[in-house]
Amino acid sequence: MEEHLFSLLDGALSCPVKWGYFSDGETMPRVTMVRTGGKRKYTLTTKGLLRGVVQIDCWGATYAQAIGASRDVCAVLEKYSGGPIVSAHLTATRDRFSKDANAAQRVSLTFALTYRD
């Protein structure tokens, strides 16, 4: 799932995408992803599907860049089904503002993903 999600977003977005965090000085806008939870659904005969939670942070030098990147992510991922991903649903959004003109602005998206190994 991780490789597929990365390839999907990296191929569709016009800004850099990566798992983990970015370093100071990297270009904006950019998208980072972190898995924040997950568990397997077992059945009597199989190990079943996995349900994961991925936080996708959309960063920008301005709020307009951050919200623009978040809209692009949603356009690609919301209700997506393909490859190992059975379904993707946006479950939460959060904004982070800073009064510091040098600080990056952020819009965080939380997606619930159901997927196969």
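Trainee: Let's start with Gln-105. Which strand is Gln-105 in?

Mentor: Gln-105 sits in strand β5. Keep in mind that we're looking at a predicted model.

Trainee: Okay. Is Gln-105 buried or exposed?

Mentor: The idea is to look at relative accessibility: under 20% is called buried. Gln-105 comes out at 8%, so it counts as buried.

Trainee: What is Gln-105 in contact with, leaving aside its neighbours within four places in sequence?

Mentor: Quite a list, including Cys-58, Trp-59, Gly-60, Tyr-63, Arg-96 and Phe-97. There is also a backbone atom to look at: the backbone oxygen of Ala-103 lies 3.5 Å from a polar atom of the Gln-105 side chain.

Trainee: Which residue stands opposite Gln-105?

Mentor: That's Gly-60. Zoom out and you'll find 11 bridges joining β3 to β5, with the two strands antiparallel.

Trainee: How many bridges join β4 to β5?

Mentor: There are 10, and that pair runs antiparallel too. For one example, Asp-95 has Val-107 in β5 as its bridge partner.

Trainee: Why is β5 described as largely enclosed by the rest of the structure?

Mentor: Because 10 of the 11 residues in that strand, which spans 105-115, are buried.

Trainee: Now charges. How should I read them?

Mentor: Side chains of opposite charge can pair when their charged atoms come close. To call a salt bridge, the nitrogen and the carboxyl oxygen have to be within 4 Å. Try Asp-57, in strand β3, residues 50-60.

Trainee: Which side chain of opposite charge is nearest to Asp-57?

Mentor: Arg-106, at 4.2 Å, and Asp-57 has no salt bridge although it is buried. What its side chain does have is a polar contact with the side chain of Ser-108, at 2.4 Å. Among the other residues Asp-57 touches are Arg-30, Val-31 and Thr-32.

Trainee: How many salt bridges does a search of the whole structure find?

Mentor: Four. One of them pairs the side chains of Arg-35 and Glu-2, at 2.4 Å from N to O. That pair links distant parts of the chain, since Arg-35 is in strand β2 and Glu-2 is in helix α1, 33 residues apart. Both ends are partly exposed: Arg-35 has a relative accessible area of 39%, and Glu-2 is at 24%.

Trainee: Which residues are joined into one network by salt bridges that share partners?

Mentor: Let's build it up. Lys-18 forms a salt bridge with Glu-26, with the closest N and O atoms 3.3 Å apart. Glu-26 also meets Arg-30 in a salt bridge, at 2.7 Å. Shared partners therefore put Lys-18, Glu-26 and Arg-30 into one network. As for accessibility, Lys-18 is partly exposed at 26%, Glu-26 is partly exposed at 23%, and Arg-30 is buried at 6%.

Trainee: What about Arg-40 in strand β2: what does its side chain make a polar contact with?

Mentor: The side chain of Asp-117, at 2.7 Å. The backbone oxygen of Gly-48 also lies 3.2 Å from a polar atom of the Arg-40 side chain. Arg-40 counts as partly exposed, at 21% relative accessibility. Farther along the chain, Thr-114 is 74 residues away from Arg-40, yet their C-alpha atoms are separated by 9.4 Å.

Trainee: How do I read backbone oddities?

Mentor: Start from the norm: most residues other than glycine have a negative phi, and most peptide bonds are trans. Now take Lys-79, which has a positive phi of about 65 degrees. Lys-79 is in the loop between α2 and β4, and it is exposed at 68%.

Trainee: Where is the cis peptide bond?

Mentor: Between Met-28 and Pro-29, with omega about -5 degrees. Pro-29 belongs to the loop between β1 and β2.

Trainee: Last one, the overall picture. In what order do the elements run from the N terminus on?

Mentor: They go α-β-β-β-α-β-β, giving two helices and five strands. Of the 117 residues, 37% count as buried. Look at contact range too: among contacts between residues at least 6 apart in sequence, 56% join residues at least 24 apart. The C-alpha atoms fill a box of roughly 55 × 25 × 25 Å along the principal axes.

Methods
Residues numbered from 1 in each chain as written. Predicted model: local features only at pLDDT ≥ 70, side-chain atom pairs only at ≥ 80, totals over all residues. Heavy atoms only, no water. Helix = DSSP H or I, 4+ residues; strand = E, 2+ residues; numbered from the N terminus. Buried < 20%, exposed > 50% of the residue type's maximum accessible area, 1.4 Å probe, protein only. Lys, Arg positive; Asp, Glu negative; His and termini not counted. Polar contact = N/O pair within 3.5 Å; in protein donor to acceptor, adjacent residues only side chain to side chain. Contact = heavy atoms within 4.5 Å. Pairing = 2+ DSSP bridges.
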